[in-house]
Amino acid sequence: MSQPYIDAKKRFMQDFINELHKRNAPTEIIVGYEFENELTFQLDQKPLSLSSGTIQTASDVYDMSSQKELAMSANLVNWSNQVSDAIKQVEPTALTTISFTSPIVLAKQKFATKNTQIVSTFWIFVDSDKGGSSIDFVDLHLYPAAFEEIVPCKKKCPEVPEIRSVPISVDDQMNAYQITSNKKPIILGEFGLSKDNPTLETPADFLLNWQVSSCTYPFQGWLTWAWDQAAKITNYWSVDENDGAINQVMAPIYRANPCKAEKTLPTPTPPSLPPPVGYLGEVSCTIFNGWAGDTSNVTRSVDVHFYADGSNFLGMTTAALPREKAVCDANGSTENPCNHGFVFNTPVSLKDGKSHTIDVYAISPDGFNPKLTNSGKTITCPATNPGDLNSDGKVDIFDYNILIGDFGKTGSAGFVPSDIDNNGKVDIFDYNLLVSNYGK
Amino acid sequence: MWSSKYLSKYTRLCSVFVLFVLFFSLFPSPVYALNRIGIRQGANGGEFYDTVTNNKFIFRGNNYYFDQWFYSRTDVQNVFTQFKQYGYNSVRIFINHEVVGNPSGGLSSQNMDNTVDLLKKAKANNLYVFPVLYKLPSTGGYIPPDSSLTANI
């Protein structure tokens, strides 16, 4: 936490937030910027491994024979205040936070990293009145854990000591934090169950009881670890596996009160709206066309997203062009024509002489996003010069005139051939691409 | 020609206008959407609340790993749609330090576009977001020259 490191973190946070603002991101839904995850110190690395001498830190000079704890605490406050202030300089209404894993788990868990700890004076994060950190709220992570200990023997002790596993409860972990003030909200930002941690109950029941027992403490929110991939990568039970077993005890529609084990009765089923429907028609080197609609709301126009070769996002458009009666009938619409058609210009990026598979998805704000019927078509388009907007085999004054006519227009990616770089607008970058290929 | 009476009135109007402009230049209005969740002291200590409705806010959500190497708008939309259906109101996401930086300097424009797309999908599904920016970007010039400076006090 030297000043160069603090400055780098401040710059990163400010750059990130400024980039969000530049893009008109909906920052109103950001609860708080968490600028450190599960903060720890490494006691076996310098300067904390030193047992004598003084060190110059960002906050002061400390004697390593007697002031290690003070050095950690003071620097944490200094670092977190500087970063928090930097965030608020660019987003004054933002909240800030840091997350922690319980000190007792770090110290005792059998697979804990050795020589890792957070400061024992945890109050510095929750009590700014006493000169602690100015972060707005605290994110604690409580995972079921256990440590191994030798079973004490009184008379005849076995040659090989008997080892027993002692669980570390929510109470043990919360007591280790020694939270002295409740002025700042705390959330349980991670809780989950490792597959290496066998329990007598099912994973779902275990986590349900774990959450309920956490309600002795003033948590203002719970977020499971984790929905899908994150849990699988770390060998934890994911919320969505086993037919969503954990989800069925965690989801608010099943259990409205996180502090009560009782499920909400009768158990509601998640709403199952009819998915959008649609059809991918022509897929050529010029256009893709087809139709898409939402049978649960026949007058609503849905967005369609275009992908090549699985994951290469090409762009999107709204299926709102007039289509004939057969399409209207398929969508359940009584109008004729009905506004469910789409046309999408084939992006230049696909014109490379290689085969590409095209998938199109209908996007519904209420339900899942199915692939349109007939997706998976393949096309192979000859390589063209970027800038050959009229596809006549050369980049010339006619292409230039097309681009000038479209200059300044915006739309979805590749909405007109003049959007050569597929960024959704006809601008100086497209102009430069055309000019650099002029005459070819 | 204006009489001194009109000139005086004109001068006063100009003064008011200048003060008006000066006031707003000193206190510029924010250029971002104000964060909706705030913190206040409740009966049991600090609590979150919705600054628009004034209602206390309890978060119920999941940590979600969104693939930043191969960002899929469809995957994110599908997951967030399910979150909404199940009644969750929040999601905690990690900004991958390996992807967020731009090797040419600063932050990756593509990654920022994807992050904004994710935020928009979260908003469309009534989800609040906890972004975690836990490490300095590996690229983009953020790591201090002496990397040993980043560790331990």
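# Reading a two-chain predicted model

Author: Let's start with one small motif: strand 10, helix 6 (residues 203-214) and strand 11, all of chain A, form a right-handed β-α-β unit. Right-handed here means that, with the strands pointing away from you, the path from the first strand over the helix to the second runs clockwise. Helices (H or I, at least four residues) and strands (E, at least two) are DSSP runs, numbered from the N terminus. Before we go on, this is a predicted model: local features need pLDDT of at least 70, side-chain atom pairs count only at pLDDT 80 or more, and totals for chains, interfaces and linings use all residues. Residues are numbered from 1 along each chain as its sequence is written, while chains are lettered from A and ligands numbered from 1 in the order in which they are written.

Reader: Okay, how do I read pairing, and in which sense do strand 10 and strand 11 of chain A pair?

Author: Two strands pair if DSSP finds at least two bridges between them. Strands 10 and 11 of chain A have 3 bridges and pair in the parallel sense. To find the spot, look for A:Ile186, which stands opposite A:Phe219 in strand 11 of chain A. Strand 10 of chain A also runs parallel to strand 7 (residues 137-141) of chain A, joined to it by 4 bridges. There, A:Asp139 has A:Ile187 as its bridge partner.

Reader: And how many residues of strand 10 of chain A are buried?

Author: First the idea: a residue is buried if 20 or more other C-beta atoms lie within 10 Å of its own, exposed if 12 or fewer, and partly exposed in between, with C-beta atoms placed from the backbone. In strand 10 of chain A, 6 of its 6 residues are buried. For the whole of chain A, 41% of the 440 residues count as buried, and in chain B the figure is 39% of 153 residues.

Reader: What does each chain hold in helices and strands?

Author: Chain A has 12 helices and 19 strands. Chain B has 3 helices and 5 strands, and along its sequence they follow the pattern α-β-β-β-α-β-α-β.

Reader: Now the two chains together: how many residues of chain A are in contact with chain B?

Author: Contact means that the C-beta atoms of two residues, placed from the backbone, lie within 7 Å. By that rule, 81 residues of chain A are in contact with 65 residues of chain B. Helix 1 (3-22) and helix 2 (68-90) of chain A are among the elements giving two or more residues to that side of chain A. Helix 1 of chain A gives the most, with 12 residues. By class, that side has 46 nonpolar, 21 polar and 14 charged residues. Ala, Val, Leu, Ile, Met, Phe, Trp, Tyr, Cys and Pro count as nonpolar, Asp, Glu, Lys and Arg as charged, and the others, Gly among them, as polar.

Reader: Which strand of chain B pairs with strand 11 of chain A?

Author: Strand 3 (residues 59-63) of chain B does, in the parallel sense and over 4 bridges. One partnership to look for is A:Gly221 with B:Phe59.

Reader: What about the nonpolar cores: how many residues has the largest one?

Author: A nonpolar core is a set of buried Ala, Val, Leu, Ile, Met, Phe, Trp, Tyr and Cys residues joined through C-beta atoms within 7 Å. The largest has 93 residues, and those with the most contacts inside it include A:Met13, B:Tyr64 and B:Val129. Helix 2 of chain A gives the most to this core, with 9 residues. Leaving out residues up to four places away in sequence, B:Val129 touches residues including A:Ile29, A:Ile30, A:Val31 and B:Val91. Another core, of 23 residues, lies apart from the largest and has A:Phe288, A:Phe306 and A:Phe344 among its members.

Reader: In which strand is the bridge partner of A:Phe288?

Author: In strand 17 of chain A, where the partner is A:Phe344. Strand 13 (residues 287-294) and strand 17 (residues 338-345) of chain A run antiparallel, joined by 5 bridges. They belong to an open sheet of 4 strands in the order 12-13-17-16 (chain A), with antiparallel pairing. Its edge strands, strand 12 (276-283) and strand 16 (321-323) of chain A, each pair on one side only.

Reader: And where does A:Phe306 fit in?

Author: A:Phe306 stands opposite A:Val360 in strand 18 of chain A. Strand 14 (residues 303-308) and strand 18 of chain A pair in the antiparallel sense over 6 bridges. Here too there is an open sheet of 4 antiparallel strands, in the order 15-14-18-19 (chain A).
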